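Let's take a walk through a protein together, one step at a time. Keep the sequence and the 3D view side by side as you read.

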Amino acid sequence: MLDQLLRGLSFLALAAGSFFVFAMTVGMWRFPDAFTRLHAGTKGLTIGAGLIVLGAALAAPSVLFGLRIAVIFLFLMITNPIATQAIARANYRIDRSRRHLVLDEYQELRDARELSDSPGLSDSPEHCDSPEPHND
């Protein structure tokens, strides 16, 4: 009886995770710019992969195997949002998608930095966080 319940819960988690991954795919295909596509990818992968990993853990043959799957889940939960934030920040800094934004919350900061001509970091690729000079 417990085995059938675990299999049923596993199936539901796998099906729900597959739905979120499918929704992520549709969102990445249909959304207009890089930032909304990254949003769809992050949410879809975090929730979808989390549910798929949960379904796999419920169907695991042993507790030790289920704990290994839980470690994979924790790794995904830590790395996926960090990687997405880094990609979004790099995309914002190189100004590819900035001109198409409806709302740019950092516009005032960029304008103030450009007006003051301070020697600090700017958002242009020539002044990114890398210590090496760019040879363009």
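Start with helix 3, and look for the residues tucked away from the surface. The buried residues of this helix are Gly 66, Ile 69, Asn 80, Thr 84, Ala 88, Asn 91, Tyr 92 and Arg 93. Keep two of those names in mind, Asn 80 and Thr 84, since we will return to them. Do remember along the way that what you are looking at is a predicted model.

Now step back and take in the whole chain. It holds 4 helices and 0 strands, so if you read along the sequence, the pattern you meet is α-α-α-α. The chain has 136 residues, and 23% of them count as buried.

Helix 3 itself runs over residues 63-93, which makes 31 residues. From its first C-alpha to its last, helix 3 reaches 45 Å, close to the 45 Å expected at 1.5 Å a residue.

Next, turn to the beginning of the chain. Helix 1 covers residues 2-30, and helix 2 covers residues 34-58. How do these two helices pack? Their axes are 7 Å apart, and the angle between them is about 165°. Angles over 145 degrees count as roughly antiparallel, and therefore helix 1 and helix 2 are roughly antiparallel to each other. Helix 1 passes helix 2 in a left-handed crossing. Sorted by class, the residues in the contact between helix 1 and helix 2 are 19 nonpolar, 8 polar and 1 charged.

Let's pick out a residue from each of these two helices. Phe 19 sits in helix 1, while Leu 51 is found in helix 2. Are they buried or exposed? Phe 19 counts as exposed because its relative accessibility is 52%, and the cut-off for exposed is over 50%. Leu 51 has a relative accessibility of 22%, so it counts as partly exposed. Along the sequence, Phe 19 and Leu 51 are 32 residues apart, yet in space their C-alpha atoms are 9.9 Å apart. Leu 51 can also be paired with Phe 73: these two are 22 residues apart along the chain, and their C-alpha atoms are separated by 9.3 Å.

Now back to the two names from the start. Asn 80 lies in helix 3. Why does Asn 80 count as buried? Its relative accessibility is 11%, and buried means under 20%, so Asn 80 falls on the buried side of the cut-off. What does its side chain reach? One partner is the backbone oxygen of Thr 42, at 3.3 Å. The side chain of Asn 80 also makes a polar contact with the side chain of Thr 46, at 2.7 Å.

Thr 84 has its place in helix 3 as well. With a relative accessibility of 14%, Thr 84 counts as buried. Here you meet Thr 42 again: Thr 84 and Thr 42 are 42 residues apart in sequence, but 6.7 Å apart in space, C-alpha to C-alpha. Try finding Thr 42 in the 3D view, then look for the side chain of Asn 80 that reaches its backbone oxygen.

Methods. Residues numbered from 1 in each chain as written. Predicted model: local features only at pLDDT ≥ 70, side-chain atom pairs only at ≥ 80, totals over all residues. Heavy atoms only, no water. Expected span 1.5 Å × (residues − 1). Buried < 20%, exposed > 50% of the residue type's maximum accessible area, 1.4 Å probe, protein only. Axes fitted to C-alpha atoms, helices over the stretch in contact; angles between N-to-C directions. Parallel < 35°, antiparallel > 145°, perpendicular 65-115°, else oblique. Left-handed = near helix turned anticlockwise from the far one by under 90°. Nonpolar A, V, L, I, M, F, W, Y, C, P; charged D, E, K, R; others polar. Polar contact = N/O pair within 3.5 Å; in protein donor to acceptor, adjacent residues only side chain to side chain.
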